[in-house]
Amino acid sequence: AGRALVYTDHSRSRLQGGDRLKKKNMASSFRTRMTGANMAAAALLIAAAFALIYAVVRESSYRHLDEDLRAEQAEVINNLDWAGDSIIVRNMPEWEEAEHAQLEANPTFLQIVDKKGQLVFKSANIKNARFRFQADSRVPLFYNGEEDGQRLRFGQFPLYSDAGHPAGQLTIAVSGEESHVVLHNLRQTLWGVYLFLVLFLFVLLWYAASLAIDPIRRLIEAVN
């Protein structure tokens, strides 16, 4: 009896193997795109939420300091008189007290200049320093700065004579160290939580995408 010859179609086997590899790569690519799109959207939403939280806390923190500066401004204005456009500082014993002559934990600083920029009055704790100011400012300005290594929150207020003419500038500063520490710690915390959430969501979304495409992959394999 003659032997039967068995013909094996190796080219067909290779094509089938190639198809399976192609389908696997397509599934992996689809999972990657799905995860990437969802991850980008989630990361942007979380970043926006954290940025809003930081902005609200920052605004609240500095608004509290600015309210203190406005209160100090009102107190100082009550101790000023005018001779034409010239500033006359009445006796302000609270600014001459020993507590304002030294750098305390939460000091308040005061400086008054006339319309020519000449110093009229400054609190004792400023010592030999002099605050910078915008001579032509016509609205209150609030900003952060530093003096002798201490972080301060500044408020600059234009002064007007009884006739309504510009007479000078009043600069008041209070400690901004506490606000700086709070905001620094908040930034560090939000950044750490953000990285954790992004990593956690990436793993979660990758797993969810795998589950989502698995039925589709099985259906394609069954059809073919």
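**Figure 1. Overall view of the chain, with two helices and seven strands.** Helices (H or I, at least four residues) and strands (E, at least two) are DSSP runs, numbered from the N terminus. Read from that end, the elements follow the order α-β-β-β-β-β-β-β-α. This is a predicted model, in which local features need pLDDT of at least 70 and side-chain atom pairs count only at pLDDT 80 or more, while totals for chains, interfaces and linings use all residues. Residues are numbered from 1 along each chain as its sequence is written, and side-chain values use heavy atoms, with hydrogens and water left out. The chain has a mean pLDDT (the predictor's confidence in each residue, from 0 to 100) of 80, and 73% of its residues reach 70 or more. Among the elements, β6 has the highest mean pLDDT, 94, and α1 the lowest, 79. A friendly reminder: where pLDDT is low, the predicted coordinates should not be read in detail.

**Figure 2. Burial, surface and contacts across the chain.** Of the 224 residues, 31% are buried; here buried means under 20% relative accessible area, exposed over 50%, and partly exposed in between (1.4 Å probe, protein chains only). The accessible surface amounts to about 14700 Å², and carbon and sulfur atoms own 58% of that. Accessible areas come from the Shrake-Rupley method with a 1.4 Å probe, and for residues only the protein chains shown count as cover. Among contacts (heavy atoms within 4.5 Å) with a separation of 6 or more, 54% are between residues 24 or more positions apart.

**Figure 3. Close-up of the largest nonpolar core, which has 28 residues.** A nonpolar core is a set of buried Ala, Val, Leu, Ile, Met, Phe, Trp, Tyr and Cys residues joined through side-chain atoms within 4.5 Å. Look for Leu80, Ile87, Leu110, Ile112, Leu159 and Leu170, which touch the most other members. At least two residues each come from α1, β1 (80-83), β3 (108-114), β6, β7 (166-175) and α2. Helix α1 is the biggest contributor to this core, with 10 residues. Another core, of seven residues, lies apart from this one and includes Phe109, Phe131, Phe154 and Ala173. In soluble globular proteins, nonpolar side chains tend to be buried together.

**Figure 4. Close-up of Leu80 and its contacts.** Once neighbours within four places in sequence are set aside, Leu80 is in contact with Ile87, Ile88, Val89, Arg90, Ile112 and Leu159.

**Figure 5. Close-up of the salt bridge between Asp66 and Arg153.** The structure holds three salt bridges, each a side-chain nitrogen of Lys or Arg within 4 Å of a carboxyl oxygen of Asp or Glu. In this pair the closest N and O atoms are 2.9 Å apart. Asp66 sits in helix α1 and Arg153 in strand β6 (residues 150-160), so distant parts of the chain, 87 residues apart, are linked. Both partners are worth a look for their burial: Asp66 is buried at 13% relative accessibility, and Arg153 is buried at 8%.

**Figure 6. Close-up of the salt bridge between Glu177 and Arg151.** Here the N to O distance is 3.2 Å. Because Glu177 belongs to helix α2 (residues 177-223) and Arg151 to strand β6, the pair ties together parts that are 26 residues apart in sequence. Glu177 is partly exposed, at 29% relative accessible area, and Arg151 is partly exposed too, at 32%.

**Figure 7. Close-up of the salt bridge between Glu59 and Arg63.** These side chains meet at 3.9 Å, N to O. Since Glu59 and Arg63 are four residues apart in helix α1 (residues 10-77), about one helical turn separates them. Glu59 is partly exposed at 47% relative accessible area, as is Arg63 at 42%.

**Figure 8. Close-up of a nonpolar surface patch.** Leu199, Phe202, Val203 and Trp206 make up this patch of about 400 Å². Patches are made of residues with over 30% relative accessible area and no salt bridge: like charges are joined within 9 Å, and nonpolar side chains (Val, Leu, Ile, Met, Phe, Trp, Tyr) within 5 Å. Leu199 is found in helix α2 and is exposed, with 57% relative accessibility.

**Figure 9. Close-up of His165, in the loop between β6 and β7.** His165 is partly exposed, with a relative accessible area of 39%. Neighbours within four places in sequence aside, His165 is in contact with Asp85, Leu159 and Tyr160. Lys115 is 50 residues from His165 in sequence, and their C-alpha atoms are 9.8 Å apart in space.
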